[in-house]
Amino acid sequence: MADDSVIDRNAETAAVSEARLASVFDTAVDGIIVINDRGLVLAYNKACERLFGYEAADLLGRNVNKIMPREYAQAHDHYVQNYIDTGEKKIIGIGREVQAQHKDGTVFPIELSVGEAESSYGRQFIGILRDLRSRKQIEDRLAKTQAQLLHMTRLSALDEMGAAIAHELNQPLTAVLLYLQSVSRKAKSDASIDPLVLSVIEKAVREAERAGEIIQRMRQLVEKKAPERQTVDVAELVRSCLEMAQLGSGEKQTFLSATIEPDLPPLQADPVQIRQILINLLRNAREAVIDQPDKKVSLSVIMNAESLEFRVKDNGPGVPAELIDGLFRAFTGAKHKGVGLGLAISRSIAQNHGGDLKLESTPDGCGASFLLTLPVHPREEPLDEKL
């Protein structure tokens, strides 16, 4: 006859083991499911309740395919039976990424590892499930960031190449300008020269000078140098911005217009950086109206108290409501081209000058309006190097 004390100790040991198993089962971070060889759920822990939205009472005794998308659910019972018949392992002891389905119908990725156990009640399968959504989001963000960094590297290389090209073009263009000026002086001193020919030569000289100014401004935009405040003539700044905004369009864009309040004071600012903001806004507006039958893009400048207000308006479709909150954050642009840094850097430059850049409210269907505010006499503070 068995010793009662031994029986009691065995019962106590079994009870302690069962309590420990229950504690581990319900405190595990990963989901744990136990099913039998017919796919019915025998155990379902707290982590699974959080993962799938079902309580244990909802699934115990029911087929596990309830937490699977339809395509997985239809094939699951066949996979189990095929393993029982052939012993061929596809997930058991291997683990793989699969799709799961929440109670609300949401399909999401999980990592599934399956173990097997023999019991007095038959063959059982223990599944360990780990939610992969946060990891997938991190991987997606990392992939996007890597693509953006790669694109920025290419942009940096293009900046350097652009500066080199501008430098190389400047030399032959200067030579052309000198030749034209020599011809112009000679023609003016010769009374026999047809006035029409003289007029054409003078126009060629002006166009060569204009080309030289454009190349010089391109070099200023791409050269890496410390920003510095200067006295900036507003009218000249606006004229050069309109001219630069039209580059690459292939034609004179008459829908780009500017209005400047008379007698504006000069601006104390870094002209390269402010030009960068306005060109960026004008080009964005130009792209926004590309499909409009009657295109309109305007840049207006007025004095308001102690600040100058530069307002760029267009008659495009406007900024979608879902993009407004993140419009000035880096890498959130909706355009297919670019990296989504233009507006973020532009606002940073404006704020470093003591001003601001914001999107103004406009009625639906009335386009977009961006307002750049710059103080006429900013406080003397160092500018961050943003270029």
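Which residue follows α10, and what is the sign of its phi? Helix α10 is followed by G354, and the phi of this glycine is positive, near 85°.

A word on the ground rules first. This is a predicted model, in which local features need pLDDT of at least 70, side-chain atom pairs count only at pLDDT 80 or more, and totals for chains, interfaces and linings use all residues. Residues are numbered from 1 along each chain as its sequence is written, and side-chain values use heavy atoms, leaving out hydrogens and water. Helices (H or I, at least four residues) and strands (E, at least two) are DSSP runs, numbered from the N terminus.

**The cores**

Let's stay with α10 for a moment. Its buried residues (under 20% relative accessible area, 1.4 Å probe, protein chains only; exposed is over 50%, partly exposed in between) are L343, A344, S346, I349, A350 and N352. They pack against α8, β11 (356–359) and β12, with contact meaning heavy atoms within 4.5 Å.

Helix α10 (342–352) also supplies at least two residues to the largest nonpolar core, as do α8 (271–288) and β12 (369–375), among others. Such a core is a set of buried Ala, Val, Leu, Ile, Met, Phe, Trp, Tyr and Cys residues joined through side-chain atoms within 4.5 Å. Of its 38 residues, I274, F310, L357 and L372 touch the most other members. I274 touches L237, A269, I349, H353, L372 and L374, leaving aside residues up to four places away in sequence. A second, separate core has 25 residues, including Y44, I67, A73 and I92.

**The sheet**

Five strands form an open sheet in the order β2-β1-β5-β4-β3, with antiparallel pairing; two strands pair if DSSP finds at least two bridges between them. β2 (41–44) and β3 (96–101) are the edge strands, each with a single partner, so one side of each has no neighbour in the sheet. β1 (residues 31–36) and β5 (residues 122–131) share six bridges, and V34 has I126 as its bridge partner in β5. Helix α4 (residues 70–86) lies across β1, β3, β4 (107–119) and β5, at about 135° to β5. Axes here are lines fitted to C-alpha atoms, for helices over the stretch in contact, with angles from 0 to 180 degrees between N-to-C directions.

**Two unusual loop residues**

Most residues other than glycine have a negative phi. Here are two with a positive one:

| Residue | Phi | Loop | Relative accessibility |
|---|---|---|---|
| D263 | near 60° | between β7 (256–260) and β8 | 80%, exposed |
| A305 | about 60° | between β9 and β10 | 65%, exposed |
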